[in-house]
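Me: I would like a close look at one part of this model, the place where the two chains meet. Keep it brisk, and carry on into whatever lies around it.

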Amino acid sequence: MLDIPYRNRISNVSPKLLGAVGVDGREVLLAGVDFDSELTLKRWWHIAGRKPEAEKELLVGYEVARALTLIEPASGAAQQHISHRGSHQSGEDQFQFKIVRDRVKLAGQDHQVAGVISQTGGPEDGMIFGSLAHVQSLLNKPGQLSLIEVSALCKDCPIGDIVSQISERIPHAKVSAIQQSVRARSETVDRLTRFSAVVSAVVLAIGALMIFTTMMGSVIERTKEIGVLRAIGFRRSHIIKGLMIEVAVISLLGGLLGWAAGLLASWLTLPYFAETRVVFEFQPVLAVVAIAAGLVIGTISSFYPIVRASRLDPSEAVRSV
Amino acid sequence: MPFVAIEKITKVYEANGHSPIVRVLSDINVEIAEGEFVCLMGPSGSGKSTLLTIVGAMNHPTEGRVLVDDIDVYGLADERRADFRREYLGFVFQQHHLMPYLNTLENAMLPLATKNLRAREKRDRAMSVLEKVGLADKRSRLPNQLSGGEQGRLAIARAIVNEPPLILADEPTGSLDTKTGREVMEVFLEMNAQGQTVFMVSHNPENSALAHRIINIVDGRIG
């Protein structure tokens, strides 16, 4: 991993060496990659076959495979499939093609085709992928790289800062952010953030309504008690003050428990949703806001039922038993 | 001048969707002297309890007025009327209406909760009335750990802890057996002997025989 101050925001580093190579009399773009990093990065790739494991095993783009007659249209036969959505899963899936030839000569050397990437519409359709060390040797460029793809998947990632930090660390390399990808990712994050805000608002409204109905129920249950208190000389203001203190204490505890439960739930479930390593961070501001929100929502929702309770006629309240 | 003056009290419950107009009390006039023990008797539905809650500053009469110590009870604003209840009245309910989650001492202290007294003083006063009604040794028990008679005595302790000049009791022995009923009545007599005015609703002739005066009410009118 890159040794930069923002290294904890970087989820993946995928070095590449690119070069043209002759295959069956054609010039094809060959990329040397670290397959683990590359397949983690390119989660949208669907591979018929398997991930290359040995030195002379290749992953072939769809257009190249077609041109080299490595594949032909499928006629109902199932091809083993590796899906890279989230994690490496393998299983049976139906592809539009099947691999009919799994050996090619690359720069005069015999290679095994481990898998074919189904059509993506991207540059990988016209490429062949081999292991980085083998391609460096094949192209006679030991220890050389053409580019490094760095992925920083986090909300509000400081992309500009990460770019400048990498530039400082590798001064001879040209480091630039893939703006389109950054923008698309940022838009997705924004959309998700807005959606989360709407969901939170709805949950908040439902919560407030539930507190309101619970307090109404509680007041009805305690009609006799309130009537007795009024009968023995408690003022309306005493009843309101007493019930509001009770609600405030319950709301404070509720806010505190809600914050702790939310923190625990996100800590437990986030690793299943996030693509980056989740770092547990204690944010005092969030705690204060959550507890204050619990207090405010609890007291506002309870205010009307409490005022209504204080207005109960004591004789009616006592007689209601 | 009487300590309690009930003047031309009429109570009418307005008709609602299901019930017609109900005239519960009609032109009631009663005077009670300070230190008197008065028993209000009458059959069920005659308006006894309604009259008691009207004297207890809890139920606004349709017509007439109630004067206690020359204070026009219903001329007071709502919050002042609550103060009046706290300073002048001790109410004993038929069902006692004790707070089930408070122990004996805390129930007895309840009317002092809004008083500007030190906690120690509140506790001492509550212990003093619990001793008076014979419950000092049961101060830590919850109401459901007390017998019916003890609950009745605790209700009286709560009513007198503020040392109110007027005690109002709505059939305080109604839910008790004869023996415990007598125990409770003895406490009332003791309070009355110490100068407190007692106005009690009962249809038990044994209880009414202990009062200085019996007022009969039938169909909302003094008989």
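How many salt bridges are there between chain B and chain A? Please start there, then work outward.

Reply: The count between chain B and chain A is three salt bridges. Keep in mind that this is a predicted model. One bridge can be named: the side chains of A:R230 and B:D78 meet with N to O at 3.0 Å. B:D78 falls within helix α2 of chain B, which spans residues 78–88. That helix gives seven residues to the side of chain B that touches chain A, the largest share. By class, this side of chain B has nine nonpolar, four polar and seven charged residues.

Salt bridges are one part of the picture. Eight residue pairs are in polar contact between chain B and chain A, counting pairs with both residues at pLDDT 80 or more.

Now the contact and its area. On chain B, 20 residues are in contact with chain A, and 20 residues of chain A take part. About 1800 Å² is buried between the two chains. Carbon and sulfur atoms give 58% of that area. On the chain B side, B:M58, B:E79 and B:H97 supply 28% of what the chain buries against chain A. No other three residues supply more. B:E79, like B:D78, falls within the residue range of helix α2.

Next, the empty space. The structure holds one cavity of 30 Å³ or more. The largest cavity has about 90 Å³ of space. Both chains line it: A:A231 and A:I232 come from chain A, while B:R85, B:R86, B:L89, B:G90, B:F91, B:P111, B:R158, B:A159, B:N162 and B:P164 come from chain B. Three elements of chain B give two or more residues each: α2, β6 (89–92) and α5 (148–160). Helix α2 therefore appears twice in this account, at the interface and in the cavity lining. Strand β6(B) gives the largest share of the lining, three residues. By class, the lining has seven nonpolar, two polar and three charged residues.

Helix α5 of chain B deserves another step. B:Q151 sits in this helix. Leaving out residues up to four places away in sequence, B:Q151 touches B:H96, B:L98, B:P143, B:N144 and B:L146. B:H96 is 55 residues from B:Q151 along the chain, yet their C-alpha atoms are separated by 7.0 Å.

Last, the charged pairs beyond the interface. Over all chains the count comes to 25 salt bridges. One of them lies within chain A, where A:K16 pairs with A:E38 and the closest N and O atoms are 2.8 Å apart. A:K16 belongs to strand β1 (residues 12–23) and A:E38 to helix α1 (residues 35–41), so the pair ties together parts of chain A that are 22 residues apart in sequence.

Note on methods:
Residues are numbered from 1 along each chain as its sequence is written. Chains are lettered from A and ligands numbered from 1 in the order in which they are written. This is a predicted model: local features need pLDDT of at least 70, side-chain atom pairs count only at pLDDT 80 or more; totals for chains, interfaces and linings use all residues. Side-chain values use heavy atoms; hydrogens and water are left out. Contact means heavy atoms within 4.5 Å. Buried area is the accessible area (1.4 Å probe) that two parts lose on being put together, summed over both. A salt bridge is a side-chain nitrogen of Lys or Arg within 4 Å of a carboxyl oxygen of Asp or Glu. A polar contact is a pair of N or O atoms within 3.5 Å; within protein, one must be able to donate a hydrogen and the other to accept it, and residues adjacent in sequence count only if both atoms are side-chain atoms. Helices (H or I, at least four residues) and strands (E, at least two) are DSSP runs, numbered from the N terminus. Ala, Val, Leu, Ile, Met, Phe, Trp, Tyr, Cys and Pro count as nonpolar, Asp, Glu, Lys and Arg as charged, and the others, Gly among them, as polar. On a 1 Å grid over the protein atoms alone, a cavity is a set of points where a 1.4 Å probe fits but cannot get out, and a pocket is an open set with protein on both sides within 12 Å along at least five of seven lines; lining residues have an atom within 4 Å of a point. Grid points are joined across faces, edges and corners, and a volume is the space filled by probe spheres set on the points.
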